[in-house]
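These are my notebook entries on a structure that I went through by looking up one thing at a time. I begin with a charged pair in a helix and then move on to strands, loops and the surface.

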Amino acid sequence: MAEGAIISFAQRLGVIVLEEYKFIQGVQDQVVSLRDELQWISSFLKDAAMQGNKNERVDIWVSQIRDLAYDAEDVLDVFILKVKRLRRRNIKALIHYPSQLFTLHKLGNKIDRINRRIDRISTYRSKYAIDKLEDKESLGKDVALNERTPPDMVEDGVVGFENQAKVVVQMLLLNQEDSQMHHVVSIVGMPGSGKTTLAHEVFDDVKYQFDSCAWVNVSPKYTLVSPLQSIKSQNPGKEGGMGNLLVVFDDVRKRKDWEALYSDVLKNIKSTKIRILLTSRFGKVTKRANSSLDPYEIRPLEKKDSLELLKRKVFPKQSCFPEQLKDLAEKIVEKCEGLPLAIVVMGGLLSRKQKTAEVWNKILQNSRWQLIHGSTTEWLELPSLSYDNLPNFLKPCFLYFGLFPEDCPVDCEILIQLWIAEGFIEEKGAETMEDVAENYLEELIQRNMIQVACRRFDGSLETCRIHDLFREFAILKGQQDKFLDVLGSKGSANRTMSRRLAIHSTYEAAKVTEIPNSSSLNNPRSIMYFNCSRNVRLEEKFFHKSFKLLRVLDLRGVSPRILPDEIGKLVLLKYLNLHGAKIGRLPSSIRNLRNLLTLDISYTQINGIPWSVWELEELRNFYANLLYSTHQESNSSDAGNDGFSSNVGCNIRDYYHSGDTPKIGRLRNLRTLSTRGDNWICNDFGQLSNLRKLKITEVNMDLYGEALSNSFFQFIFLKELDIDWNKGMLQFPDSLSQHIYLYKLRLSGVMIKLPSDPSFFPPNLAELHLCRTDLKEEDGFS
């Protein structure tokens, strides 16, 4: 089904009706009608998906609806693009401007044609009896989204692997005096059998018996440099030799991958002996790694352990199943055949359904849930069932995980910012979009479709990951729906229509990589690079002509030779990530990106914060941890004609016609501010009252300490505060007790003493980091 594409656009239509009301007067009725029709269609699609019928008529009808939704999205986005360009030129009485009226008239005609297409396609639903499909397998209503298990109850321990772990430990430590340099023990099993879980159990049991240890995820398209660097980075300070080394190579799928690991990685490590624990789906790989020792074939969970695992997922606070569900629970785990992934996924599904025998029996009898021991394609029925049971608004959020690299933890903060930029998230009442998005992510975790990698001390999510099978499903489903594509992946026939494109470091291409242009893509909304070390060529024509409707541009770690001035024409852009990019300046046209919500220029070669940033008043997240300090003497010759300077305070009159000094107080929507340098801290700094996370390094407290201290009283929503100073002393405010949300406080710099009154600190503080303070025990530090 194509719910992901249709739902996300239907949500955006609602935003358009509200935000661009005065610009769509005259065609508002058509836009509202389009939105309402798409909402009804998305509801029908969910019902069709729940039935699980592999019906060709439904597939054809859905593909037509999806393409129509994309066409409608293009029409609206092109119109909004023209409106914003006119607005940027400061045209007065825009709605009465002749050019605007003409544009509005064309928009009305195009939407009328789209609505007529919807009417025509809708008649097919009755004509070909698509709406007569019987709902024989509805799995019941979901429980409310806010009925969620507390985080500390969700991440439970390992179930049922204790005895198996003991066997593998004995195999791994057998004959430790053996003179053989490399000793390999393998765990083999089908997808979802718990190979990685068992390997983690063994790793945690024996790692303290080795001088060095490392865990390496071996994805199907890994590079040789990455595992070697990973092993070394996990054992810093041991360049001279690692002694006895334990290495886990998780998920090795090809014999040639093992051969490459052995010859190009293991032989280049200085070590006395190396013990290797390898996991794989394929016995032929494990035989290649060690022909003299049979691999350990992971066993299915016993019935008792299977029931315990299911109970933990569905009834984590109870000691046993309710009496009326005991027999059904036993039948469900029997059908799971002792496979941990199947049990966990079904537990996630059951946890979000009504706890009645009728609903559980329907899930048990569902014909689509057939665990076939065969190809990966057959196994994808399991994530498919979970996906079809998702609420419509969660489907695009889940599919988005297909864009991220395999076996790579996903930064939840970045993920949430991307969801917001894509238009998947709407504010609900008093909740911010960030809060709503985190609730969505917690819901996916509750359903066991996404896994927690790390939580912060306050229980919030820091990183998460997706199981290989669920990621593979997300990619295949995303390609089918033209929702996303991954450059270099299989089955990429829809790339010319995909709305989102991810380019990974494993993509084999020329040394200088060009993002595909308009001849191979159709108005993409997102371009994302991951871990790409090659140079990326960004040409002016590329920006303006090929990607005029872009909302997300992520160039983390790539090396564009220049960021062209034409980027200022991407006025719909909401997310721009240049983290680590080797650019030396931002063009002055960056100030035209008035819709930008997230800007990351950290660890670029930009020397100082460009003045044009202060005009981006919609910014919610700004990262500017620059490589170069901004503590320099003012020099008017440093300022270029683009308004960029190494010092924010110098020679600005040519840039601001009014002669006003740029003030950070204009960025009142900021939720996150992370920066290096302080010479823009001024009296209006306290106007950033919406801040949730503040990090400032290299602060001169002698100059800016008082302004910084006075500002703290306004930041009542702060959750994280990180201050690093290199001159002077931190001037503490009278108290931080009013900061009830502040859970993490990091202070780095010379201090005379800590506040003596315990009530000074935030009441819910969970982390306190003190660095370079020069405090002694008699100063209250012990």
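**Entry 1: a pair within one helix**

I looked up Arg-312 and Glu-308 and found both in helix H11 (residues 303-314), where they are four residues apart and therefore separated by about one helical turn. The model is a predicted one, and in it these two residues form a salt bridge, with the closest N and O atoms 3.0 Å apart. I then checked how covered each partner is: Arg-312 has 25% relative accessibility and counts as partly exposed, and Glu-308, at 29%, counts as partly exposed as well.

**Entry 2: other salt bridges**

How many salt bridges does a search of the whole structure find? I noted 27 of them, and I picked out a few for a longer look.

The pair of Glu-422 and Arg-500 forms a salt bridge whose closest N and O atoms are 3.1 Å apart. Glu-422 belongs to helix H18 (residues 412-422) and Arg-500 to strand E10 (residues 500-504), so this pair ties together parts that are 78 residues apart in sequence. I asked whether these two are buried or exposed, and both Glu-422 and Arg-500 turn out to be buried.

Next I looked at Arg-556, whose side chain meets that of Asp-554 in a salt bridge at 2.7 Å, N to O. Asp-554 has 0% relative accessibility, and because buried means under 20%, I count it as buried.

I also wrote down a network of salt bridges that links Asp-251, Arg-253, Glu-406, Asp-468 and Arg-471.

**Entry 3: the five-stranded sheet**

I traced an open sheet of five strands, with the order E2-E3-E4-E1-E5 and parallel pairing. Its edge strands are E2 (212-217) and E5 (296-297), each of which pairs on one side only. Within this sheet I followed strand E3 (residues 244-250) and strand E4 (residues 273-280), which run parallel and are joined by six bridges. As one point of register, I noted that Leu-246 stands opposite Arg-275 in E4.

**Entry 4: strand E12 and its neighbours**

Strand E12 (residues 526-530) came next, and I found that five of its five residues are buried. Both faces are covered, with Ser-526, Met-528 and Phe-530 on one side and Ile-527 and Tyr-529 on the other.

Which strands does E12 pair with? It pairs with E10 in the parallel sense over five bridges, and with strand E14 (residues 552-554), again in the parallel sense, over three bridges. On the E10 side, Leu-501 has Ile-527 of E12 as its bridge partner. On the E14 side, Met-528 is partnered by Asp-554, the residue that I had already noted in a salt bridge with Arg-556. Arg-500, from the buried pair in Entry 2, lies in E10.

**Entry 5: strand E17 and its neighbours**

I looked at strand E17 (residues 621-624) in the same way: Asn-621 and Tyr-623 point one way, Phe-622 and Ala-624 point the other way, and all are buried. Strand E16 (residues 598-600) runs parallel to E17 and is joined to it by three bridges, with Asp-600 standing opposite Tyr-623. E17 also pairs with strand E18 (residues 672-676), in the parallel sense and over four bridges, and there the bridge partner of Phe-622 is Leu-673.

**Entry 6: positive phi in two loops**

I checked backbone angles with the reminder that most residues other than glycine have a negative phi. Asp-407 has a positive phi near 60° and is found in the loop between helix H17 (395-399) and strand E6 (410-411). Asn-448 also has a positive phi, of about 60°, although it is not a glycine, and its place is the loop between helix H19 (433-446) and strand E7 (451-455). As to cover, Asp-407 is partly exposed at 24% relative accessibility, whereas Asn-448 is buried at 11%.

**Entry 7: a positive patch on the surface**

Last, I looked up the charged surface and noted a positive patch formed by Lys-82, Lys-106, Lys-110, Arg-113, Arg-116 and Arg-120. Which helix gives the most to the positive patch? I found that helix H4 (residues 98-127) does, with five residues. Lys-106 is found in H4 and is partly exposed, with a relative accessible area of 32%; a patch residue needs over 30%, so Lys-106 passes that cut-off.

Conventions
Residues are numbered from 1 along each chain as its sequence is written. This is a predicted model: local features need pLDDT of at least 70, side-chain atom pairs count only at pLDDT 80 or more; totals for chains, interfaces and linings use all residues. Side-chain values use heavy atoms; hydrogens and water are left out. Patches are made of residues with over 30% relative accessible area and no salt bridge: like charges are joined within 9 Å, nonpolar side chains (Val, Leu, Ile, Met, Phe, Trp, Tyr) within 5 Å. Accessible areas come from the Shrake-Rupley method with a 1.4 Å probe; for residues, only the protein chains shown count as cover. A salt bridge is a side-chain nitrogen of Lys or Arg within 4 Å of a carboxyl oxygen of Asp or Glu. Lys and Arg count as positive and Asp and Glu as negative; His and the chain ends are not counted. The place of a charge is taken as NZ of Lys, CZ of Arg, CG of Asp or CD of Glu. Buried means under 20% relative accessible area, exposed over 50%, partly exposed in between (1.4 Å probe, protein chains only). Two strands pair if DSSP finds at least two bridges between them.
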